[in-house]
Amino acid sequence: MSLLDNPFAGSSGNKISCLEMLQAILDGDATEEQQQYFRKHMDECLPCYKAHELDMQIKQLLKTKCSGNPVPADLVEKIKRQVNSIS
Amino acid sequence: MEETPRQKYTEKEKVEVFNNEFLPHINSMYNFGYRLTLDEDDAKDLVQDTYLKAYRFIESFQKGTNAKAWLFRILKNSFINDYRKKSKEPSKVDYQEVESYYNSDDVDRQITTDLRVESLQDMIGDEISNALNSLDVDFRTVIILCDLEGFKYDEMAKILDIPIGTVRSRLHRARNLLKDKLSVYAKKMGYKNP
Ligand SMILES: [Zn+2]
């Protein structure tokens, strides 16, 4: 795939920056084709490689450390009771 | 809510939609409520309130569509209208959010940070959670929606009632702010700038 075929380039044909590509990847907004292009791009762009590694680690840490607070056991029952009383 | 034509549900169908499409998201909803309010009791109230509203307005929900985004939007609105009003802390987000940040020349400066991957590996405690919690609620919210819940730009735009461009720039700023906080922790743990 040549750089001319950058799948990130919009219809406007604007030059796409590393930052824009990186964010699309990070935000989960990149297509399969774009992800593939970016993986190749990282082979030749050290700033992107480093930033991607760091950002993905943070994303992973967020997932493992900031979710999964158990819902208080009585909450679901309480909600069900209240819904039953209004239906 | 959305301009969805009103649905006609029997009482039985209502309960089915509620049990099968709404309740399965309660873990994510509780985590969202907790991360917004930073208080377990407030989070419980917020989630309970959201589910009751969802049931009351169930006819504006179309069966089989994105229940999670629909519920998150109700929770976020309840938080703003009922909870945030009560708290004394005003929003600190500068709403003059610059959406033209991509046009900046110093992209390289924006892409580099003094935070190192190695320092993250030692953040096994509450550092990341504390860093997230310390962000202003509007920045915290986009990180939660994107990184914890995996919502897409268009879904976040609907949940937050902001344009997609604003979602994107807010996420960008939120990530940088989070990295700044993490750098502070890293320095405290003894990591030096390269
Ligand atoms: Zn690059």
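A charge sits over a ring if NZ of Lys or CZ of Arg is within 6 Å of the ring centre and within 35 degrees of the ring normal. The exercises below use a predicted model.

**Exercise 1. Which residue lies over the face of Phe151(B), and at what distance from the ring centre?**

Step 1. Start at the ring of Phe151(B). Lys68(B) lies over its face.
Step 2. Take the distance. Lys68(B) is at 5.1 Å from the ring centre. The cut-off is 6 Å.

**Exercise 2. Classify the ring pair Phe61(B) and Trp70(B), and place it among the aromatic pairs.**

Step 1. Count the pairs. Over all chains there are 9 aromatic pairs.
Step 2. Describe this pair. The ring centres of Phe61(B) and Trp70(B) are 5.2 Å apart, and the planes stand at 55°.
Step 3. Apply the angle limits. Under 30 degrees is stacked, over 60 is edge-to-face, and the rest is tilted. With planes at 55°, the Phe61(B) and Trp70(B) pair is therefore tilted.
Step 4. Check the surroundings. Phe61(B) and Trp70(B) are both buried.
Step 5. Widen the view. Ring pairs join Phe61(B) and Trp70(B) with Phe18(B), Phe22(B), Tyr51(B) and Tyr55(B) in a cluster.

**Exercise 3. Is Gly64(B) buried or exposed? Locate it as well.**

Step 1. Find the element. Gly64(B) is in the loop between helix H3 (40-56) and helix H4 (67-84) of chain B.
Step 2. Read the accessibility. Gly64(B) has 63% relative accessibility, so it counts as exposed. The limit for exposed is over 50%.
Step 3. Look for a partner distant in sequence. Glu21(B) is 43 residues from Gly64(B) along the chain, yet their C-alpha atoms are 7.8 Å apart.

**Exercise 4. Work out the geometry of the zinc site.**

Step 1. List the donors. They are SG of Cys18(A), NE2 of His41(A), SG of Cys45(A) and SG of Cys48(A). Their distances run from 2.0 to 2.3 Å.
Step 2. Write the spacing along the chain. It is C-x22-H-x3-C-x2-C.
Step 3. Test the angles. Tetrahedral needs all angles between 85 and 135 degrees. The 4 donor atoms subtend 103 to 117°, so the arrangement is tetrahedral.
Step 4. Check burial. His41(A) and Cys45(A) are buried.

**Exercise 5. Summarise the fold of chain A.**

Step 1. Count the elements. Chain A has 4 helices and 0 strands. From the N terminus, the order is α-α-α-α.
Step 2. Take the burial. Of the 87 residues in chain A, 40% are buried.
Step 3. Read the surface. The accessible surface of chain A is about 5,200 Å², with 51% belonging to carbon and sulfur atoms.

Notes:
Residues are numbered from 1 along each chain as its sequence is written. Chains are lettered from A and ligands numbered from 1 in the order in which they are written. This is a predicted model: local features need pLDDT of at least 70, side-chain atom pairs count only at pLDDT 80 or more; totals for chains, interfaces and linings use all residues. Side-chain values use heavy atoms; hydrogens and water are left out. Rings of Phe, Tyr and Trp (its six-membered ring) pair if their centres lie within 6.5 Å; planes under 30 degrees apart count as stacked, over 60 as edge-to-face and the rest as tilted. Buried means under 20% relative accessible area, exposed over 50%, partly exposed in between (1.4 Å probe, protein chains only). Donors are N, O and S atoms within 2.8 Å of the metal (3.2 Å for Na, K and Ca); water is not among the atoms, so sites may look incomplete. Four donors count as tetrahedral if all angles lie between 85 and 135 degrees; four count as square planar and six as octahedral if opposite donors are over 155 degrees apart and all others between 65 and 115; anything else is irregular. Helices (H or I, at least four residues) and strands (E, at least two) are DSSP runs, numbered from the N terminus. Accessible areas come from the Shrake-Rupley method with a 1.4 Å probe; for residues, only the protein chains shown count as cover.
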